[in-house]
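This report describes how one protein chain is arranged in space. The reader is asked to keep the sequence and the structure in view while reading.

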Amino acid sequence: MLRAVLRIRRDAPVIVYSLACSKGHGFEGWFRDSAAFDAQAADGKLVCPVCNSRKVEKAPMAPAVSGTKAKGASSPDELRKMRQFMTGLRKYVEENAENVGRKFPEEARKIHYGEIEERPIYGEASLEEAKELIEEGVDVAPLPPDLDDAAN
Ligand SMILES: [Zn+2]
């Protein structure tokens, strides 16, 4: 079973902030807009994924790294960044989209064909169902797995 998300083009663009906790752990946060960041920060909902600190602030933009060493091989740092990226994306989807579970293929189709009002949804689909949706032009994307759960 695949966890999938329906991408709705009309939906507001997502902004990604580089964040850092008071201990200096850097990570990315995904927000609908800057007001959503402010609201979550004010409510103490921003939590460092490394140490669970709630003292989280926007980090200054990291300087662009030029010239990569060891082409092809992912460094532990790159893997960590990728993991943080996927965790951030999953969290964003879970907070901003409705979980329709196994009804995902049905709901995604209804939204695509305008039978029901457009809204961000995510849920489950079999690989076969996901393929059919994509062939019909329904804009679905796989949702990153919960790496934290997988690691436990
Ligand atoms: Zn931290």
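Which residue stands opposite Glu57 in β4? That residue is Ala20. The model discussed here is a predicted one, and the pairing of strands is a convenient place to begin.

**The open sheet**

Three strands form an open sheet in the order β3-β2-β4, and their pairing is antiparallel. β3 (26-31) and β4 are the edge strands, each of which pairs on one side only. On average, neighbouring strands of this sheet are turned by 45° against each other, direction ignored. As a general point, the strands of a sheet pair through backbone hydrogen bonds, either parallel or antiparallel.

Strand β2 (residues 15-21) pairs with β4 over 3 bridges in the antiparallel sense. The pairing of β2 with β3 is also antiparallel and comprises 6 bridges. Ala20 takes part on both sides: Glu57 stands opposite this residue in β4, and Gly26 stands opposite this residue in β3. β2 and β3 form a hairpin with 4 residues between them, and Gly24 in the turn has a positive phi of about 90°.

**The whole chain**

The protein contains 5 helices and 7 strands. Along the sequence, these elements follow the pattern β-β-β-α-β-α-β-α-β-α-β-α. Of the 152 residues in the protein, 18% are buried. Among contacts between residues at least 6 apart in sequence, 63% join residues at least 24 apart.

**Helices α3 and α4**

Which residues of helix α3 (residues 104-112) are buried? They are Phe104, Pro105, Glu107 and Ala108. Seen down the axis of α3, these buried residues fall within an arc of 165°, so they line one face of the helix. The cover over the buried residues of α3 includes β1 (2-6), β5 (98-101), β6 (121-125), α4 (127-135) and β7 (140-142).

In α4, the buried residues are Glu129, Ala130 and Leu133. They cover an arc of only 100° around the axis, which puts them on the same side of α4. A general rule helps in reading such patterns: an α-helix has 3.6 residues a turn, so residues three or four places apart point the same way. The buried residues of α4 pack against β1, α3, β6 and β7. The face of α4 turned away from its buried side carries the exposed residues Leu127, Glu128 and Glu135.

**Nonpolar cores**

The largest nonpolar core has 15 residues, and those with the most contacts inside it are Ala4, Val5, Ala108 and Val140. The elements giving two or more residues to this core are β1, β3, α2, α3, β6 and α4. Apart from it lies another core, of 5 residues, among them Cys21, Phe27, Leu46 and Val56.

Leaving aside neighbours within four places in sequence, Ala4 is in contact with residues including Phe104, Tyr122, Ala130 and Val140.

Ile121 is found in strand β6. Is Ile121 buried or exposed? Because 22 C-beta neighbours lie inside 10 Å, Ile121 counts as buried. Residues up to four places away in sequence not being counted, Ile121 touches Leu6, Ala97, Glu98, Val100, Phe104, Glu107 and Ala108. Ile121 and Ala108 are 13 residues apart along the chain, and their C-alpha atoms are separated by 7.6 Å.

**Two further residues**

Met86 lies in helix α2 (residues 76-96). Met86 is partly exposed, with 16 other C-beta atoms within 10 Å. Met86 and Glu28 are 58 residues apart in sequence, and the distance between them in space is 9.5 Å, C-alpha to C-alpha.

Asn52 belongs to the loop between α1 (34-42) and β4 (56-58). With 8 C-beta neighbours inside 10 Å, Asn52 counts as exposed.

**Positive phi values**

The table collects residues whose phi is positive.

| Residue | Place | Phi |
|---|---|---|
| Gly24 | turn of the β2 and β3 hairpin | about 90° |
| Asn52 | loop between α1 and β4 | near 65° |
| Gly114 | following α3 | near 70° |
| Gly137 | just after α4 | about 90° |

Asn52 has its positive phi in a residue other than glycine.

Terms used
Residues numbered from 1 in each chain as written. Predicted model: local features only at pLDDT ≥ 70, side-chain atom pairs only at ≥ 80, totals over all residues. Buried ≥ 20, exposed ≤ 12 C-beta atoms within 10 Å, placed from the backbone. Arc of directions from axis to C-beta. Contact = placed C-beta atoms within 7 Å. Pairing = 2+ DSSP bridges. Axes fitted to C-alpha atoms, helices over the stretch in contact; angles between N-to-C directions. Core = buried A, V, L, I, M, F, W, Y, C linked by C-beta atoms within 7 Å.
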